[in-house]
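Here is a short walk through one protein model, written for someone who would rather be at the bench. Have the structure open beside you as you read.

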Amino acid sequence: MKTLWVVSGGAEAVPGIRRAKEMGLRVVVSDGNPSAPGAALADEFVQASTYDVTATVKAASDYHRNRCPLNGVISIAADVPLTVATVAAELGLPGIPVETALLASDKLAMKSCFKERGIPIPWFHPVESSGHLRELMKEHGVPLVIKPVDSRGARGVLRLMESTDLDWAFRHAHQFSPSGRVMVEEYLSGPQISTESLLLDEYAYTPGFCDRNYEFLERFAPYMIENGGEQPSFLTPEEQEQVKRCAESAGRALGIKAGIAKGDIVLTPGGPKVIEIAARLSGGWFSTDQIPLATGVDLIGAAIRLSLGERPSAEELEIRNQQGVAIRYFFPPPGIITSIRNVEKASRLPGVYKLDFFVKPGEAVEPVTNHTKRCGYVITSGSDRVEAVKRACEVVNTIQIETRN
Ligand SMILES: Nc1ncnc2c1ncn2[C@@H]1O[C@H](COP(=O)(O)OP(=O)(O)OP(=O)(O)O)[C@@H](O)[C@H]1O
Ligand SMILES: [Mg+2]
């Protein structure tokens, strides 16, 4: 029996941990939180914060030497490529190079790598101060996007217009960077796409291809808040192919020879451009639920096998049965939640696959300033994209989340 070490036992890792167990693996979960939902499912739980590379490496090495040899290490829906790559390197397990994980953990280093390798990206520059930001804006015009170099969940990501208070914007982005570094880049207009590929011999199979919904760009401005997404994409097959090849060359540029590349890509009038590539399985129920539901591809299973040194076949990564899948989020007015109504009724609506809330009555809904402030979500399926979206919107309109100040 092979043993797989899973870094993170968070709620979004649960379907992946279940999949690993179904595959007959012994699963060890590490997480800083012993009550993480994945901990209870694991064959063994080891306490180590997912972001703490040293602690996780020490825990995994001790386990490997003294308890039971590990055959693979992976993270599911947790943005910790450096932790995973370092454990793999230390124990001689399959994985992406540590150098690749470092690039994937630093948006500035990543963009510099892309620039060097000729990957299409927006213009970008590090920002030292709000005065510097003012100069850059004078030179490059608006709209621009400011962001911390090393955060996630769109924390500190702002769209800058002529009227934005730049002192505030710089401070806001800066507070979310653990290393105190901020960057600015050209705002890319065009359809936003999430891709998720498995690279094998540097060829990308891309079962994950989702149109992201930014209908609330103005409502939540200057914060950039995604309201879900839908599959299959409305882009033409030729456009989809261009986006996929762009994600593939970006993944390769980072040094991913065999591994997952999760892309944030914009199809601009000048062709696809890369916002970012994550060297790990996606969160937000994309890799674990939306992709298999929309395509029939068991991407998690394939990624687990890859992490064990096995080779997924081309057939298992090819889309088998495409159906419509949509996700939408709930955005009640900020305040304390007094009630969440019609949940039962909404969950019985056609095509509802998953419906859940991150906050409950008595808890606070905060103003929406990044993706972690969304209150809950629904995932629906349908015969096609349009039906799936319609069904998700029906659920959003049925659920009533009341708040008071
Ligand atoms: N230059 C840009 N042009 C257009 N949209 C952008 C740009 N930069 C970021 N965005 C949008 O904002 C989202 C969040 O930005 P980014 O990915 O840089 O931050 P993040 O903290 O990694 O967020 P997440 O974890 O949600 O990916 C992107 O996925 C994209 O939709
Ligand atoms: Mg991102």
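Gly16, Arg19 and Ala20 in helix H1 meet Ile300, Gly301 and Ile304 in helix H11. Sorted by class, this contact of H1 with H11 has three nonpolar, two polar and one charged residues. If you would like to find the two helices in this predicted model, H1 covers residues 14-22 and H11 covers residues 299-307. They pack at an angle of about 65°, and their axes are 10 Å apart. The crossing of H1 and H11 is right-handed.

Now for the ligand. Which residues come nearest to ligand 1? Among the 21 residues around it, they are Val145, Arg152, Ala154, Leu188 and Asp264. The table shows the elements that give two or more residues to this shell.

| Element | Residues |
|---|---|
| Strand S6 | 144-148 |
| Strand S8 | 182-186 |
| Strand S12 | 259-268 |
| Strand S13 | 271-278 |

By class, the shell around ligand 1 holds nine nonpolar, four polar and eight charged residues. Where does ligand 1 lie with respect to domain 2 and domain 3? Both domain 2 (123-186) and domain 3 (189-322) give residues to the shell, so ligand 1 lies between them.

Stepping back to the whole protein, its secondary structure comes to 14 helices and 19 strands. The radius of gyration is 21 Å, close to the 22 Å that the globule rule gives for 405 residues, so the protein is as compact as a globular protein of that length. Along the principal axes, its C-alpha atoms fill a box of roughly 60 × 55 × 45 Å.

Technical notes: Residues numbered from 1 in each chain as written. Chains lettered and ligands numbered in written order. Predicted model: local features only at pLDDT ≥ 70, side-chain atom pairs only at ≥ 80, totals over all residues. Near = placed C-beta within 6 Å. Helix = DSSP H or I, 4+ residues; strand = E, 2+ residues; numbered from the N terminus. Nonpolar A, V, L, I, M, F, W, Y, C, P; charged D, E, K, R; others polar. Domains from an automatic or database assignment. Axes fitted to C-alpha atoms, helices over the stretch in contact; angles between N-to-C directions. Left-handed = near helix turned anticlockwise from the far one by under 90°. Contact = placed C-beta atoms within 7 Å. Rg over C-alpha atoms; globule rule 2.2 N^0.38 Å.
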